[in-house]
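Let's take a look at how some strands line up in this one. Have the structure open while you read.

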Amino acid sequence: MLEWFTAISTPVLVMGGMALAFGALLGFAAVRFRVEGDPLVEKVDALLPQTQCGQCGYPGCRPYAEAIVNGDTINKCPPGGQATINELANLLDMEPVPLDAEHGVEDVRKVAFIREAECIGCTKCIQACPVDAIVGAAKYMHTVIADECTGCDLCVEPCPVDCIDMIPLEASLQDWHPQIPADGVRLIASDRQQHGSSASDKRDAA
Amino acid sequence: MSPEQEITRREQRGDAESERRASREVQLIAREHQRALKPNDFHGGVHPPENKHQSTGEPIGSIPLAETLFVPLVQHVGASALPLVKLGERVLKGQMIGEADGLISCAVHAPSSGTVVALEPVPMPHPSGLPVDGVVIRTDGEEQWCELRPCEDFRKLAPLELLDKIRDCGIAGLGGAGFPAAVKLAPHTGTEIDTLIINGTECEPYITADDMTMRERAAEIIAGVEILAYILDEPQRVLIGIEDNKPEAIAAMRKAAEGTRFDVVVYPTKYPSGGEKQLIQILTGREVPNRGLPANVGIICHNTGTARAIYRAVRFGEPLISRVTTVVGEALERQRNIEVPIGTPISHILKHHGVHRGRMQRIIHGGPMMGFTLEDDSAPVIKTTTCILVPTDAELPPPPPAQPCIRCGFCAEACPASLLPQQLYWYARAEDREKLQAYNLFDCIECGACSYVCPSSIPLVQYYRAAKGDIRSAEEEKEKSARARERFEFRKLRIEKAEKEKEEKRRARREAAEQARQQRQENTDAPEAKAAQQEADVVAAALARVKAKQASPEQQLARAQRSLTSAEQRVERLQKKLNEAPEDQRGQLAAQLKAAQIKAAEARQKLAEAEASAGDSAAGPSTVKAAADSSDSSPSADKAQDAIERAKAAAAARASMSDEERLAAELEALKARVTKAEARLEKARAENDANVDAFATALEKMQNKLEQKMREQNNRGGES
């Protein structure tokens, strides 16, 4: 009886000791290398356009990122448009879906503009702006910092005198970049002949 | 052999050795020098037809001054200049009309004297065709210079002063990119600049502006190079690189460079050896690192035209207001190089070169490889206009439609940056930004060699340009969204903090109140507490008194009596009215009568209660009379009594009135009320009051009543 006990006591002790040691190590690592927050939420949030417009039905981009991680659909962000949906689908390994029209449609980028002569200085838009892009004080004219405006639209509704317009961003020379050329017309063999001579000339010159 | 001899022999041998070594070193240095001057080759490249002879037949010419000059405020890489002139202002030739805004920006000067007729978006030679802010000058033809600050000997000025001068003169690179020259000359990389390269390659077909400048203005260029070398603290080597297809220019430059330490290096013609990175590799064998600058490897590179412009700026104080441009193409009668004021509309230039609009295929700004098509020929010449190419259809046939990529790999062989254009093409089509960057898209110099060799005629460079722009704007977007996120989070934090502070304050106040109360309770014996107690007692006593007075049974009794009499009177009156009233109003009056009777009953009950309570509280045989007496004694009771008397008298008078008289009086009162109501309604209408409807219905009711009364009166009149 005792012999049997001594025979298995060593392996049991060794295995038990190892289990304890690794358990302690894992426990320590769990505390020491604890990750604050969900890293996936960060990644999703980084892809969202940060307009903080709330068109998705959540109060800002981060809450929507959290909702996406918790299983909400990825097609509720009109400012991001199809490009954002594609990136999100890529990140989350999902099929890209078209934008949900219920939350709005993809539009050109706009910025808010206050018609300053009509502004009564009520500060309502300042309180509505999610990114503090409106400056002004009570009974003083307000104005929008166009560079910081995300075009979220949230200041338009609270304005009691309707002096805020959403203006599409004008295309400037600095922001302009060429577009990918359209695909060439597929030529049939007989058409190709007409261009053949010039193309071969070119190659000879090369 | 004696030891001394041994030593001398050894010394001799040592001397010989060191001599040999020294001579070898000299040889090595010479060879190194030779090797450095022996041009290297770079990967790829193409040999398109040069087409340079058309525009080199004539010396650099000029054309009559245009009537209107369009001077864009941004003709360079960097921020737009800030306008310094007002509408209608007269400007002199060379006067600064736009100052540099920030470090990477460039000043703009009036190309000729005249009047500012507009400050507005002007057309601009740019692939987008978008206009930019600019100054429109109507020239007066006088060419009156503003005051210039010439400088006989640039060595008397410090390099920094010279840099200021170059910056003030608005000199941007004339090779085509237009980078502000002063910024390039003050490198911030921390590397020592050991080589200055002057780029006279001009490898793109058709363009001969630098070639002609070197042929005719070699001395000015060399003088400019001297200034550049002085500013850069005399770098070890100054190399002037020229392709071997410009023998006249090479001869002229060699002649001008005699007696200086500048080397003119000649190398075989190959496109795009004029690219900055390629030229550096040709001349020095060094490679500019990925996303780095030539200054990172100790090199500064400038164009020959820029060197000349710098010379004129320093020596004569002349700002950059004109440049040499090649005007070429078979659709023109005359093909040559001209020195033309910046801002001259391209249509004006074409007019003076006999353009044949029918044969003209399009207008290209720049060369056939890297240039772009101009949609609007009113766009002006700017600092980067190297060439205006106006080809015929035969000369430069439109590109055939693109075919699918067959993976032949010609483009990879031709790429001077050793990239894989076919891979970049696929990723650009798929808009895979990560892969594009992994394949070093940003090392592409957009030379167009790949498109040139493509057997499928795919416009590869267009794809790279689009992809670059796309990535850049996406990066900007990302930066912007990061900033928006930061601001949003900061705002959230701020609001939370404010909320917390408010909560904290509320709590603190509550606690303070709690504490104060406890303290009060603890220190009830303290004198202050006593005083407070007393005060509170006084108030309580006063309140109690008031309450007692209100609730005194005598008064209640009196009130009950009054309400009873009035109720009974009303019942009586209604009874009488009911009897007199015509049939149709009986129902209504009967209802009123019933209500009045109920009220009277209630009043009677109340009176009984009051009498009972008065009896109880008086604790004695106090009666209604006594109560009345007691109330009589107070003056307020007197007043009330008076009022009652008055009312009674009025009631009696009313009672004594004949029916007709009473009706008349009522009519009068009603009429007055109707007019009042009308006025009120009017006012409400004017002010757009919300209660307009209510007023209107009230008025209507009143009018009805009035009519009814009048009818009644008439009836009476008829009866009597």
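In this predicted model, R323(B) sits across from V340(B), a residue of strand 13 of chain B. That pair belongs to a longer match-up: strand 12 and strand 13 (residues 336-341) of chain B run antiparallel and share six bridges.

Strand 12 of chain B has another partner too, strand 16 (residues 387-389) of chain B, and here the pairing is parallel, over three bridges. If you want a spot to click on, try T326(B), which faces C387(B) in strand 16 of chain B.

So much for partners; what about cover? Is strand 12 (residues 322-328) of chain B mostly covered or mostly open? Mostly covered: seven of its seven residues are buried. Both faces are covered, with S322(B), V324(B), T326(B) and V328(B) buried on one side, and R323(B), T325(B) and V327(B) buried on the other.

Now hop over to another part of chain B. Strands 2, 4 and 5 make an open sheet in the order 2-4-5, with antiparallel pairing. Its edges are strand 2 (82-83) and strand 5 (108-109) of chain B, and each of these pairs on one side only. Strand 4 (residues 96-99) of chain B is linked to strand 5 of chain B by two bridges, and M96(B) has H109(B) as its bridge partner there.

Here are the strand pairs side by side:

| Strand pair (chain B) | Sense | Bridges |
|---|---|---|
| Strand 12 and strand 13 | antiparallel | six bridges |
| Strand 12 and strand 16 | parallel | three bridges |
| Strand 4 and strand 5 | antiparallel | two bridges |

As a reminder, strands of a sheet pair through backbone hydrogen bonds, in either the parallel or the antiparallel sense.

Key. Residues are numbered from 1 along each chain as its sequence is written. Chains are lettered from A and ligands numbered from 1 in the order in which they are written. This is a predicted model: local features need pLDDT of at least 70, side-chain atom pairs count only at pLDDT 80 or more; totals for chains, interfaces and linings use all residues. A residue is buried if 20 or more other C-beta atoms lie within 10 Å of its own, exposed if 12 or fewer, and partly exposed in between; C-beta atoms are placed from the backbone. Helices (H or I, at least four residues) and strands (E, at least two) are DSSP runs, numbered from the N terminus. Two strands pair if DSSP finds at least two bridges between them.
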